[in-house]
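Work through the exercises below with the model open beside you. Try each task before reading its solution.

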Amino acid sequence: MTDWLAALGRIGLAFSARLGRANLLMLAMLRGLPALVRRPRLLLEQLLSVGVLTVLIIAVSGIFVGMVLGLQGHYILSRFGAEATLGVMVAASLVRELGPVVTALLFAGRAGSALAAEIGLMKATEQLSGLEMMAVNPQHRVLTPRLIAGIISMPLLAAMFSMLGIYGGWFVGVGLLGVDDGTYWAQMQSQIDWNEDIINGVVKSAVFGVVCTWIAIFQGYDCVPTSEGVSRATTRTVVHSSLAVLGLDFVLTALMFN
Amino acid sequence: MSKTRQIEILVGAFMAAGFVALFFLAMQVSNLGTMHSGDSYRVKARFDNIGGLKVKSPVTMAGVEVGRVLDIYYDAKDFRAVAVLGIYSQFDAIPDDTFAKILTAGLLGEQYVGLDPGGSDRVLKDGGEIAVTQSALVLEDVIGQFIYGKAQEGAK
């Protein structure tokens with residue numbers, strides 16, 4: 001009985017300690033912001049690996065998600081003779097939910113895992129300690145640019161996802177299934193609100209960007225510096241990011257679209 | 001071409017594509033492109049029943065949007081609903097005996113305010129009030145009247 005209690009306590013303490021370390025790391029990275037302003041080149045390189053190289057998977061999945069929405073939406077809406085609202089349905093579900101959430105999931109899989117593995121390997125091969133030996137703060141030099149790149153990239157990627165998805169839905173709905181082109185766009189414009197829908201979607205994706213990148217960087221930085229530790233950090237990044245995104249999505253939706 | 005220059009171009013293209021996507025969402029998908037940014041003046045209209053009219057519902061004249069519903073509240077003194085209509089200031093020659101009615105777009109569509117111009121020489125000003133209104137059509141009332149009428153026919 002006491003063993004069981006002790007185990008529970010150990011888990012609780014370890015969890016609190018991790019949470020605390022994650023918050024301290026976030027503070028340390030934010031303190032690196034002034035240094036980043038002096039060296040924008042570091043951010044540029046990270047924007048390439050975190051943002052640009054993620055565009056392809058985002059673009060392809062955006063188009064296909066939009067096409068599926070067009071197909072399924074048309075199938076259901078045509079039962080009620082309401083095909084005219086297909087544009088609204090596609091755009092609202094993409095801009096509000098699917099855009100930010102699916103982009104964040106793909107981002108965690110594509111960019112987050114790469115970040116965690118890269119930082120974990122830097123730790124395992126003692127590159128981070130090497131930087132420290134040269135009196136360079138590895139948190140400011142290595143981690144801050146990655147965090148900021150993630151926060152900048154996510155909303156842009158989510159916007160691209162939504163735009164391509166809307167065109168995917170348009171291709172299926174208007175191009176293949178014969179919904180009127182004018183009604184597709186006009187209904188969308190009259191129903192989708194800039195503040196209510198689009199800005200909230202952008203805010204959502206920015207929050208997901210912070211969370212996904214933070215988790216990836218923390219897992220990489222906090223990993224056991226062995227090959228097994230790095231592999232576990234990568235797995236944990238994807239699992240924790242996905243869970244955090246889906247859980248936060250509910251909270252944010254309840255707060256913003258009440 | 002140097003390596004850094006290549007990176008710069010790629011990142012620049014990425015940022016530009018992202019902002020183009022946001023701009024597209026703003027202008028093509030949302031109501032920002034069609035939203036009226038100009039000034040409007042406020043006119044009150046009292047209705048017995050506003051049905052499903054909402055704030056931001058369109059106000060139309062001959063089918064053309066001339067304003068939006070800015071506010072809706074209940075006047076406890078005369079037991080009627082007051083809709084405050086924001087009419088865009090370029091439509092400044094609406095006669096003050098204009099008739100306002102609540103219409104429905106399609107059978108189950110959203111409700112909007114339709115204005116039928118009157119013949120008066122004076123025009124509506126900011127803070128004015130539309131005197132003649134017609135309430136929203138409530139489906140239950142219509143069905144009720146129909147059944148009542150049928151019953152009366154049967155009694156004869």
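**Exercise 1. Trace the first strand pairing of chain B.**
Find the bridge partner of B:Lys44 in β4(B), then place it in its strand pair.

*Solution.* Start with the residue. B:Lys44 is bridged to B:Val84 in β4(B). A second pair in this ladder sets B:Tyr41 opposite B:Ile87. Now take the strands. β1 (residues 40–47) and β4 (residues 80–88) of chain B run antiparallel and share 8 bridges. Strands here are DSSP runs of E with at least two residues, helices are runs of H or I with at least four, and both are numbered from the N terminus. Two strands pair if DSSP finds at least two bridges between them.

A note on the source: this is a predicted model, in which local features need pLDDT of at least 70 and side-chain atom pairs count only at pLDDT 80 or more, while totals for chains, interfaces and linings use all residues. Residues are numbered from 1 along each chain as its sequence is written, and chains are lettered from A and ligands numbered from 1 in the order in which they are written.

**Exercise 2. Complete the sheet.**
State the strand order in chain B and identify the edges.

*Solution.* Step one: the other partner of β1(B). β1(B) pairs in the parallel sense with β7 (residues 128–130) of chain B, over 3 bridges. There B:Val43 faces B:Gly128.
Step two: the strands around β5(B). β5 (residues 99–104) and β6 (residues 111–116) of chain B are antiparallel, with 6 bridges. B:Leu103 has B:Tyr112 as its partner in β6(B). β5(B) also runs parallel to β8(B), through 3 bridges. B:Ala100 is bridged to B:Thr133 there.
Step three: assemble. The order is β7-β1-β4-β3-β2-β6-β5-β8 in chain B, an open sheet of 8 strands with mixed pairing. β7 and β8 (132–134) of chain B are the edges; each has a single partner strand, so one side of each lacks a neighbour in the sheet. From one strand to the next, the twist averages 30 degrees (axes are lines fitted to C-alpha atoms; angles run from 0 to 180 degrees between N-to-C directions).

**Exercise 3. Describe chain A.**
How many helices and strands does chain A have, and what share of its residues is buried?

*Solution.* Count the elements: 10 helices and 0 strands. Then the extent: the C-alpha atoms fill a box of roughly 65 × 55 × 30 Å along the principal axes. Of the 258 residues, 44% are buried. Buried means 20 or more other C-beta atoms within 10 Å of the residue's own, with C-beta atoms placed from the backbone.

**Exercise 4. Locate the cores and the interface.**
Which elements each supply at least two residues of the largest nonpolar core?

*Solution.* Define the core: buried Ala, Val, Leu, Ile, Met, Phe, Trp, Tyr and Cys residues joined through C-beta atoms within 7 Å. The largest has 71 residues, and A:Leu157 and A:Ile217 are among those touching the most other members. The suppliers are α3, α4, α5, α7, α8, α9 and α10 of chain A, together with α1 (3–29) of chain B. A separate second core of 20 residues includes B:Val66 and B:Ile130.
Finish at the interface. 20 residues of chain B contact 24 of chain A (C-beta atoms within 7 Å). The chain B side divides into 13 nonpolar, 6 polar and 1 charged. Here Ala, Val, Leu, Ile, Met, Phe, Trp, Tyr, Cys and Pro count as nonpolar, Asp, Glu, Lys and Arg as charged, and the others, Gly among them, as polar.

Notes
Contact = placed C-beta atoms within 7 Å. Buried ≥ 20, exposed ≤ 12 C-beta atoms within 10 Å, placed from the backbone.
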